Every structure is written in C-alpha cells, then in structure tokens.
Amino acid sequence: METIMTSPITTSRQGDVLILTSDNPPVNALGAAVRQGLAAGIEEARNDASIKAVVITCAGKTFFAGADITEFGKPMQEPSLPVLVDQIEALDKPVIAAVHGTALGGGCEVALASHYRIAVPSAKFGLPEVKLGILPGAGGTQRMPRVAGVEFALELAAKGDPVSAKQAQDAGLVDRLAGEDSLLADAVAFANEVVGKPVPRSSEKPVTVDPAVFDVFRKTNAKRFRGYEAPETIIALIEQTAGKPYAEGVQAERMGFMKLIMGTQSAALRHIFFAERKASKIDGVAEDIKLRDIKRVGVIGAGTMGGGISMNFLSAGIPVTIVEMQQEALDRGTGTIRKNYEATAAKGRMKPEQVEQAMGLLNPTLDFDALADCDLIIEAVYEEMSVKKDIFGKLDKIAKQGAILASNTSYLDINEIAASTSRPQDVLGLHFFSPANVMKLLEVVRGDKTADDVLATAMAIAKKIKKVAVVAGVCYGFIGNRMLIPRQMEAMKMLHEGATPEQVDKVHVAFGMPMGPFQMSDLAGVDIGWHRDPTRIENIRDALAAEGRWGQKKSAGFYDYDDKRQPSNSPRVAEIIEEFRKKTGTPQHEITDEEIVERTLYTMVNEGALILAEGKAQRASDIDVVWIYGYGWPVYRGGPMFWADTVGLKKIVEGLEKHGFKVAPLLREKAEKGERFN
C-alpha cells in the first residue's frame with residue numbers, strides 16, 4: 001500500500017489573506033519538507049490574483065525555532081533556506097510573520113525576510129547559530145543590521161542569546177505586539193491594513209553605523225569570546241559589509257558560513273550539542289521504566305556542598321529537609337542559602353517573593369529522624385569512608401522503604417557505602433560539583449547493585465533541577481576526578497624537572513581552560529586531603545600546607561594573592577621548589593609547551609580510554625560532557641576524547657610513548673586502525 005506523505009505546511013484562507021501554517025513538532029524546525037511547503041505557499045500567493053497578503057504562522061508551542069541540524073553535513077535539499085527567504089521577501093504582496101514561542105536562527109531569518117512581524121508579548125527572537133560555531137547563513141547578518149541596527153545585530157548574532165518581543169519591538173524588529181491569545185486574528189487584521197501598500201523589503205534598507213561600535217563591542221565581550229572563532233567572524237562580517245549592497249554582503253555571509261561549518265570548532269560544538277542529549281540515555285534501561293516518586297528530598301550536611309545541593313531542589317519547587325549535628329552549623333548553612341538567594345534577587349534574576357517561596361520549602365533540623373518521610377536522601381558530609389558508612393547504616397534504619405539513598409562523594413566506593421545498608425539496590429552516588437547550586441554537571445554513579453528504576457529516577461530528577469547528568473561506574477574518582485589525577489601528578493612532577501607553576505598554568509589557559517592545575521589547586525584549597533602534620537613534609541604540597549599556604553583563602557598558595565585575589569608569582573614558592581629539586585636530585589631540563597600538553601592532556605585522554613574499556617563511562621561523548629560541564633574544558637575543543645580525535649590518536653600514542661607512559665590498549669588499538677573515539 002502506497003504511503004501518502006503529507007506536508008507539514010497547510011494552507012487556508014481568511015478572505016483575501018492566505019495563511020501558511022507549519023505543524024512540524026516539536027519545534028517546527030525548518031527541515032526540507034517545511035521549506036518546500038513554504039515555497040509552494042509563496043508560489044501559490046504569487047500566481048493567485050485573489051490572494052492579497054500572506055500570514056506565516058506555526059501550530060504547537062513555537063514559531064520556527066531554527067534549522068534542522070540533523071541536515072548538517074548532508075547534501076542540502078532544495079530549496080535551501082537562503083533561497084526560500086529570498087523568495088518570501090521577493091513576493092510583491094505583503095507577508096506577515098506571526099510569531100509565538102521562539103523565532104530562533106532560521107526562524108528569525110524567515111521573520112526578517114517577511115515584510116512585517118507581529119508577535120505575542122511572551123515570544124522571543126534570537127540568532128543562536130554562534131553557539132554551534134557557525135553564523136546565521138540565510139541573510140541574518142545582513143537583514144538584521146538593516147531592520148534593527150548594527151548594535152542590536154551584534155548582540156543577537158555574536159552572543160547568541162534571545163531577546164523578548166518587547167526588546168525586539170524597541171529595536172524595530174517587531175512591528176506590532178498581538179494579544180497573547182489572538183495572534184492569528186491580529187495578524188490577519190494587520191495584513192488587511194497593509195494590503196495595497198508598497199512592501200517594505202529588509203534587504204533594501206540602508207545600514208547606518210558608527211565604525212567605533214565594533215571595537216567597543218569586541219573589548220566589552222573579549223573575555224566571553226576568548227578562543228572562539230565564530231563571534232569574531234560574525235563581528236568582522238557585519239563590520240566589512242555594513243556599507244555594501246545586500247547582494248555583496250550575502251555572498252560574504254555565505255563564504256563565512258561555509259568556512260565555519262567546515263571547521264573543527266563548529267564540529268566540536270555540534271558534537272557537544274548532541275553528546276549532552278545522548279548522555280541522558282541509560283544503556284540497558286528501558287526508556288519507559290516506571291520512576292520513583294520524589295516529593296521531598298533530605299540533605300545531610302548544611303556546609304557549602306549540602307547548602308548548594310539543597311538550593312537546586314528548592315529552586316525547582318521541591319521541599320528539602322536539611323539535617324546538621326550542631327545548631328550553629330545549621331544556622332550558618334541556612335543563612336548562606338538565604339544570602340545566595342538574596343544576591344540573585346539583587347541582580348534581578350529572582351523576585352523577592354521567589355526567595356521567600358524557596359526558603360519556605362526548607363525544613364532545617366537537628367533531628368536525623370526527620371529524614372524518615374523523604375523520598376531521596378543525599379549525604380553531603382566529610383569525604384571519609386567510615387563517616388559515610390556510619391551515616392548510611394543509620395539511614396537504613398530510619399528511611400522509608402523505596403527511598404533512594406545517595407552519597408555526594410567525589411572519589412569513594414559506592415559499593416562499599418551501599419554494603420553498609422540492607423538495601424544496596426536503593427543506593428547510588430550523586431556527585432555534585434562545587435558550587436553545587438551553579439555548576440551544571442552531575443555524575444550519577446551506578447553501583448553494582450543499584451536498581452534500574454533508581455538510576456532512571458536520578459537521571460530524571462537531574463533534568464528537573466536543570467543539571468546535565470552523566471552515568472558513571474564505580475572506580476576511584478569516577479570519570480572526571482579519575483582523569484584529573486594524571487594531569488595533576490604530571491604537572492607536579494614537572495616542577496621538580498624545571499618548570500614553574502605559572503609556565504604550566506599558562507599553557508592550560510592558552511589551551512582554553514579557565515585556569516591551570518596550580519591555579520585550580522589554590523582555588524580549591526592546597527590543604528584539601530593534606531595529612532595535617534606540619535612536621536611531615538614529603539612533597540612540595542606538604543611544604544606549602546605546613547607554612548599555611550593553603551591557597552586563595554589564605555592569600556598564599558602556589559601564588560601570592562592581593563586583597564582582590566589577583567595572583568602574582570611567589571619568590572617563596574620558587575625557593576620551596578628549588579629546595580625539593582636539590583633534595584631529590586631530579587635532573588633538570590628545559591620543559592616546552594608541547595611537553596606540558598603531552599604530559600598533562602595526552603595522559604587524560606589515555607585515562608579516558610581506560611575508563612571506556614572498563615565500562616565506567618557509557619560512551620566517549622559522556623566523558624566529553626563531564627569535562628565540558630564539570631571542569632571548564634573549552635567547549636570549542638569538544639571535550640578531551642573529541643579533541644584527541646582532532647589531534648589524531650596516532651599522534652597521542654606517539655606523544656605518550658615519547659615520555660614513557662603505558663598506552664591504554666583501547667587507545668593503541670584505535671590509533672592502529674585509524675579509528676576515532678567519537
């Protein structure tokens with residue numbers, strides 16, 4: 001039996017107005033069938049004298065929210081989006097874009113090519129292509145400056161953040177606001193008003209600009225754009241085409257688009273876009289598994305981590321019972337939570353009533369038994385196995401049947417913790433990253449006996465509290481911290497061999513990291529994990545800690561810090577390093593930037609290959625997600641495993657062998673076969 005393909009575009013008439021409606025769930029992406037349907041509708045309007053105007057609208061939750069990125073890298077089916085938007089604009093009858101939800105990327109370009117734009121107040125407009133390492137490729141960089149001005153165009157295209165319908169109206173992008181529930185009726189009325197008037201074409205408007213705008217914009221956003229190719233390409237493109245005819249500008253836009261989409265950065269950014277979605281899928285667990293109901297969460301510990309963890313749930317409207325042993329610690333913890341919320345409100349990101357709403361969901365208590373009615377209990381205490389096992393033993397006695405018991409451990413064995421209960425199937429790790437109310441990553445650690453529904457519930461709740469969750473297996477340090485260990489070890493060894501902390505850190509910052517290994521150590525605290533005996537000095541870190549150089553909190557660590565926490569090189573640290581070089585008799589050599597990369601970053605890739613081979617990560621892209629969202633790996637490099645693919649696995653193996661490292665069998669095998677991780 002033949003299948004009849006129906007177009008996602010339907011046409012209808014209201015008097016002389018032709019209405020083109022897209023129904024292509026979930027976001028009305030501008031795939032080939034949508035483009036073909038729109039082109040056919042425009043052609044119908046061109047050929048039918050009884051049609052006086054066209055309204056383009058969308059069914060469902062949103063206007064066109066962008067291109068169909070599954071088409072990237074494949075041969076483009078006609079009409080391409082640039083061709084379609086030109087067809088829309090060329091029509092000699094008014095075309096009105098009626099926008100609700102979000103008009104993003106290609107959707108915003110369709111609206112720009114339309115002669116008029118009407119939107120509901122809740123609508124948003126944006127050109128987020130830059131976040132995938134590309135630029136608006138269907139006239140967005142050329143029409144937007146003509147419609148809404150160069151400064152507005154730079155904000156939208158180079159930053160990629162959406163703006164409200166009101167902001168769009170103030171800039172001239174939106175001609176009129178519709179009633180929230182009367183968009184189509186208002187759009188048709190608008191169309192009837194403009195019938196017979198000369199159609200205003202965006203591409204025919206002049207661009208007026210003060211040339212100084214571009215350098216001011218570059219300087220203002222220098223930190224945000226550091227390392228990224230697409231923002232500067234967009235700025236330069238708008239700058240160079242500002243006084244030129246539209247046709248010339250569009251040609252330059254096309255060339256810029258092709259150059260970016262063929263580049264490594266765009267491939268990396270698109271890789272992470274898909275990797276984040278893949279990470280939420282659990283291998284071997286049915287997608288429709290019945291989840292456990294989480295109505296109240298318990299948190300043990302009101303310190304920095306416990307407080308931050310609690311905030312995630314409170315912000316999502318989930319009540320939290322937070323338990324401490326001392327009243328002073330409890331008061332300090334709840335005070336910090338309130339202070340954090342009030343700081344957010346002061347920046348305008350929360351309303352004062354939302355602060356009170358969140359705090360109203362918090363039940364601070366010294367009574368451990370108050371956790372009995374919680375559906376998920378997260379332990380966030382000191383990183384010591386005996387302490388954690390003791391807590392889980394107590395939880396086992398008071399937690400209700402079916403409650404999920406989680407440990408916020410960074411390194412410790414979840415199986416051993418689970419064994420201190422009579423219900424190991426209900427136990428797993430939830431490794432939040434500090435500050436827990438800000439950092440997006442959550443490592444969900446699956447114990448040997450963790451039940452499938454417990455794991456699936458944890459992944460679902462992570463989404464609810466706006467975390468990017470990755471499933472990890474049980475091993476020391478899980479995915480992220482396990483890969484951090486060889487990096488930190490090699491960085492420290494190089495101090496003995498002739499490198500300085502600033503030299504090692506500089507290479508990492510130049511690579512795109514927010515900070516290097518020693519800057520990170522100072523931020524986290526040099527004393528973390530220190531044995532606390534100032535007379536036992538076995539390494540450089542012991543020497544620093546013994547002198548109270550505990551990092552930024554003491555204004556001294558591997559660096560000296562001023563009262564604004566700005567670092568400077570420390571003569572005392574140089575002396576300590578020199579003392580250890582003499583004491584250990586380590587041979588010195590000139591350490592190059594290349595050696596630093598090979599010994600600190602190639603070793604991470606090697607550890608990643610071991611993690612994959614052991615099944616401690618489900619897929620290479622999950623490792624990339626962990627490092628992007630948990631450790632500040634530059635997104636435009638796509639995560640350590642994707643980056644290794646771009647460097648070439650053969651080159652990684654050679655670099656590791658040069659320095660005498662044992663190469664992970666999986667890494668060697670892939671290198672020999674010419675394969676990639678992703």
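This report walks through strands, aromatic contacts and enclosed spaces in one structure. The model is predicted.

## An open sheet

Six strands make up an open sheet. Their order is 1-2-3-4-6-9, and the pairing is mixed. Strand 1 (9–14) and strand 9 (176–177) are the edge strands. Each of these two pairs on one side only. Inside the sheet, strand 4 (residues 95–99) runs parallel to strand 6 (residues 116–119). Four bridges join strand 4 to strand 6. Ile96 stands opposite Tyr116, which belongs to strand 6. Strands of a sheet pair through backbone hydrogen bonds, and they may do so in parallel or antiparallel fashion.

## Strand 15 and its partners

Strand 15 spans residues 427–432 and is mostly covered. How many of its six residues are buried? Six of the six are. Both faces of strand 15 are covered. On one side lie Val427, Gly429 and His431, all buried. On the other side lie Leu428, Leu430 and Phe432, also buried.

Strand 15 has bridges to strand 14 and to strand 16. Strand 14 (residues 404–407) runs parallel to strand 15, and three bridges join them. Here Ala406 has Leu428 of strand 15 as its bridge partner. Strand 16 (residues 441–446) runs antiparallel to strand 15, with four bridges between them. His431 stands opposite Glu443 in strand 16. Leu428 and His431 thus appear on opposite sides of strand 15 in the list of buried residues.

## Aromatic contacts

The structure holds 15 aromatic pairs. Two of them are set out below.

| Aromatic pair | Arrangement | Centre to centre | Angle between planes |
|---|---|---|---|
| Phe511 and Trp643 | edge-to-face | 5.2 Å | 90 degrees |
| Trp627 and Trp633 | edge-to-face | 6.3 Å | 85 degrees |

Which parts does the pair of Phe511 and Trp643 tie together? Phe511 lies in helix 20 (residues 501–511) and Trp643 in helix 26 (residues 640–647), so the pair links parts that are 132 residues apart in sequence. Phe511 is buried, with a relative accessible area of 7%. Trp643 is buried as well, with a relative accessible area of 7%.

Are Trp627 and Trp633 buried or exposed? Trp627 has 0% relative accessibility, so it counts as buried. Trp633 has 1% relative accessibility and also counts as buried.

These four residues belong to one aromatic cluster. The cluster is formed by Phe433, Phe511, Tyr602, Trp627, Tyr631, Trp633 and Trp643.

Helix 26 also holds Asp645. Asp645 is buried, with a relative accessible area of 7%. Asp645 and Phe677 are 32 residues apart in sequence. In space they are 6.6 Å apart, C-alpha to C-alpha.

## Charges over rings

Two arginines sit over aromatic rings. The charged end of Arg176 is placed over the ring of Phe190, 4.1 Å from its centre. Arg532 lies over the face of Trp550, at 5.3 Å from the ring centre.

## One cavity

How many cavities of 30 Å³ or more does a search of the whole structure find? The search finds one. The largest cavity has a volume of about 40 Å³. Its lining consists of Thr141, Gln142, Pro145, Arg146, Val150, Val207, Ile238, Thr241 and Ala242. Helix 4 (140–148) and helix 10 (230–241) are the elements that give two or more residues to this lining. Which of the elements gives the most? Helix 4 does, with four residues. By class, the lining of the largest cavity has five nonpolar, three polar and one charged residues.

## The second largest pocket

The second largest pocket holds about 960 Å³ of space. It is lined by 27 residues. Which of them are the closest to its centre? They are Met311, Ser315, Tyr341, Thr344 and Asn437. Three helices each supply at least two residues of the lining: helix 13 (304–315), helix 14 (327–346) and helix 15 (352–360). The lining of this pocket divides into 13 nonpolar, eight polar and six charged residues.

Definitions and conventions. Residues numbered from 1 in each chain as written. Predicted model: local features only at pLDDT ≥ 70, side-chain atom pairs only at ≥ 80, totals over all residues. Heavy atoms only, no water. Buried < 20%, exposed > 50% of the residue type's maximum accessible area, 1.4 Å probe, protein only. Pairing = 2+ DSSP bridges. 1 Å grid on protein atoms, 1.4 Å probe; cavity = no way out; pocket = protein on both sides within 12 Å on 5 of 7 lines; lining within 4 Å. Points joined across faces, edges and corners; volume = space filled by probe spheres on them. Nonpolar A, V, L, I, M, F, W, Y, C, P; charged D, E, K, R; others polar. Phe/Tyr/Trp six-rings, centres within 6.5 Å; stacked < 30°, edge-to-face > 60°. Lys NZ or Arg CZ within 6 Å of the ring centre and 35° of its normal.
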